[in-house]
Amino acid sequence: MPLAPAPRTLFDKIWEPHVVMQRDDGQSLLYVDRHLVQDGSAPAFEMLRQRGLGVRRADLAFATPDHYVPTGSRRLADIADGEKRAMAQALQDDSAAAGIRFFGLDDERQGIVHVVGPEQGLSLPGAVIVCGDSHTATHGALGALAFGIGASEVAHVLATQTLWQRKPRTLRVVIDGRLPAGVSAKDIILGVIAKVGAGGGTGHVIEYAGEAIRALSMEGRMTVCNMSIEAGARAGLVAPDDTTFAWLAGRPHAPRGPTWDAALARWRGLPTDDGAVFDHEVRLNAADIAPMVTWGNSPEDALPITGRVPDPADAPSAERRDALQRTLAYMGLQPGQPLTALSVDRVFIGSCTNGRIEDLRSAAAVARGRRVAEGVEAWVVPGSGLVKRQAETEGLDAVFRAAGFQWRHAGCSMCLGTNGDQVAAGQRCASTSNRNFVGRQGPGSRTHLMSPAMAAAAAVTGRLADVRDLPSTR
Amino acid sequence: MQAFRQLEAVAAPLARANIDTDQIVPALYLQKPRSDNFGHYLFHDVRHDARGERRPDFVLNAAVYAEARILVAGRNFGCGSSREHAVWALHDGGFRAVIAPSFGDIFHSNALKNGLLPVRLPESVVDDLLAALLAAPGTRLRVDLEAQVVTGPQGRAEPFVTDPFARHCLLEGLDEIDYTLTQEARIEDFERHRAID
C-alpha cells in the first residue's frame, strides 16, 4: 500500500510548484505569477536600462501609481514638486515602453496597488505575487504567497520573472472564538503584533487561522495580512474558502467559465492539511481582544484603548527605559496618562491597510449624525477609484462630508506623505494606516494607529476614544 | 556590485532596537535619483533638530565617527518599509557592514545586493560590543567575510554565518541578475511545462 503523502501547509502547497530550480546551498529560484508595480519603481527600471535588459514577461506585470499621486485632484500637474511628479510620470512611461498594463489617474481603476490587485482579480489563490512595497503581504488574504521586495529584486523580477529565495519558516497565528462588538480586523492584527513583537515574525511566513479569522470578510483578512510585515514577517496567508471564492467570482481578471471551475477545484485543495507542522504557533482568544491604539513609535507599542501610557520607571532595563523616555518625548506623552485623554489634531482614514469599502462603511457608521470636533482636520482617502465610486453610490461620501470630513481621491496619501499629504510637526494624528514610526507621516508627526471606526470616533470626539462608547446613531 | 572581503574600521554604536528604514532614510527623499549621495539623507530626521541643526546627542554626529564604516545596532535593524534607499544611505554614508542581533528580512536582502554586509551575531555578543564601543569611542572592529569572523576590541573572534550564495556574490562582486540569466533555459523550461499543466 502506498504511503499517504505527508500533510502539508498552505504555504508548502504554494511554494513547491513555483520552484524553478534549487541550489545545493538551499536557495530556490521561485517563479513569480504576478508582479505589481507602483510609482516608486523608477530606480528598478533604471537598473534594467543600465544593464541593457528588457522586461521578460510584461504580461504578468501590472502597474498603477499610488505613492506620489495627488489626492486633492486627478491631475499629475498638481504635484508641485518636480521630482515627485517625475516618479508618477516615470511609471507611466516605463510601463508604456515595456508594454505593462497601466491604470493612470484618468482611470477609475487606479488606486493603492494592494487595493487594486485583489479588486481586479489580479491576485489569485495559490499564486506567487511580489511588489516593491513591504505591504504586499495584503494579497495573502486570498491565499496567495505575496511579499514585498527591494528595488534590486524588482529589477530581477522584471528581467527574469523569478527571485532567489531561501525557504522561510512558518508561524501559525490562531485566533479562537468570536470578536466582541466594536472589535475589528485591525484590532486583531495590532493585538498579534503587540504579542509577538515587531520582529517576532522575522524569517517566517504567517498563516492566520481560527474561528475569528474564518469569520472575517475579505477586507478584514486583507487588513490582517497587510500588517504581517509590522510583526517582521514578509508574508501573511489566510486559507482560501467560500468567502474568498464568492468575493473573487466575476472580478475582471479572475478566471471565467470552465477555467473558473478548474481553478476552483485546484484552490479547494490549497488549505493546510490536518496534522501539518508549523515551526511556531501563537494562539489568541478573540474574546480577549479590545479596540486597540498604539501609543509609541513601533506598531508593537499597542494597547487597549482603556489602557494608560507606560511609565519608563517600570522598564525592565536601562536600555528599555531610555528607549521609552525617547518615545514619550517624541510623542508628547506623560507616563500613566489615560490613552483616552489624548486630544488629536488630525484624522486619516485610508491606506492599503484600511482603505477598502468595508473600512469606509464602519467609519461612516460612527460619523453618521455626528460632527468632526472643533479644531480637528479629518480626511477620508479611499483606497481606489472604484472604492470611492462604491462609497459614493452608498452615500458614504455624503455622511462624511456632512460630518465635516474631507472626501479625497485614491492614493497612499498621509500614510507616508510621499505625495506631500503630511501631518505637521507636533500634530497628533489618529490614523488607520500601518506605521507609527518617527516621522512616518511627516517630520515630527505623532501617529496613533487604530481601526477605521476608532479613527472616526477620534474625529468626532477630538481625542482618542473607545468606539464602544459611541453607538451607531442609525 | 562592489565586492566585500574584509574590513577593519571604526565602528559606531547605535544601541537601539527596531530601527526602521523610515528612520534610516525618511520618505521625503525617496524620489531622489540613485546618482544622488544618499549619505546626506542618512538618519536625517533623527540626526537633525527641527531647525536643521545637527543634534549633539545623536551618536553619528560625533566627530570620532566621521570615518566609521561599521555600524553596530540593536535587534530588528532595518525593519519596516522595503525602500532600498535605506541601504544606499548607509552605503553612501560610508558604511560597509552592519552588525546586529537580527535584521528586517527585506533590508537584509537589499543590503546583500549592494555590497553592504549584514552580520548577525547573538544578542549577548552585540550587547558586549555596544558596551565596549560606548566605553571607548573610536574603537575599531574587523569584519572578515572570507573567514566569517568579527574580531572585537580585545581580539575576541565572533563567528557569523552568511548565506553561501550571497557570500559568494559579495566576495566576487557578482551581480545576481547576470547569474540568473545564465539559467534562462531552466526558466523557459519551467514556463513551457506550466503552460501545458
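Okay, before anything else, a quick definition: when I say "domain" today, the bounds come from an automatic or database domain assignment. And keep in mind that what you're looking at is a predicted model.

Let's start with chain A. The assignment splits chain A into domain 1, residues 10–281, and domain 2, residues 294–469. Take the C-alpha centres of those two domains of chain A, and they sit 24 Å apart. Where they meet, domain 1 of chain A puts in 42 residues and domain 2 of chain A puts in 38. On the domain 1 side, helix 4 (113–119), helix 6 (185–196) and helix 8 (218–226) of chain A each give at least two residues. That side of domain 1 is a mix: 15 nonpolar, 16 polar and 11 charged.

Now, chain A also touches chain B. Here 51 residues of chain A are in contact with 40 residues of chain B. So which element of chain A supplies the largest share of that side? Helix 5 of chain A does, with seven residues. By type, the chain A side splits into 18 nonpolar, 20 polar and 13 charged.

Over to chain B, and its sheet. Chain B has an open sheet of seven strands, in the order 4-3-2-1-5-6-7, with mixed pairing. Strand 4 (117–120) and strand 7 (157–159) of chain B are the edges, each pairing on one side only. From one strand to the next, the twist averages 30°.

Let's zoom in on one pair. Strand 1 (residues 6–14) and strand 5 (residues 140–144) of chain B run antiparallel, over five bridges. If you want a spot to click on, try B:Ala9: its bridge partner in strand 5 of chain B is B:Leu141.

Notes
Residues numbered from 1 in each chain as written. Chains lettered and ligands numbered in written order. Predicted model: local features only at pLDDT ≥ 70, side-chain atom pairs only at ≥ 80, totals over all residues. Contact = placed C-beta atoms within 7 Å. Helix = DSSP H or I, 4+ residues; strand = E, 2+ residues; numbered from the N terminus. Nonpolar A, V, L, I, M, F, W, Y, C, P; charged D, E, K, R; others polar. Pairing = 2+ DSSP bridges. Axes fitted to C-alpha atoms, helices over the stretch in contact; angles between N-to-C directions.
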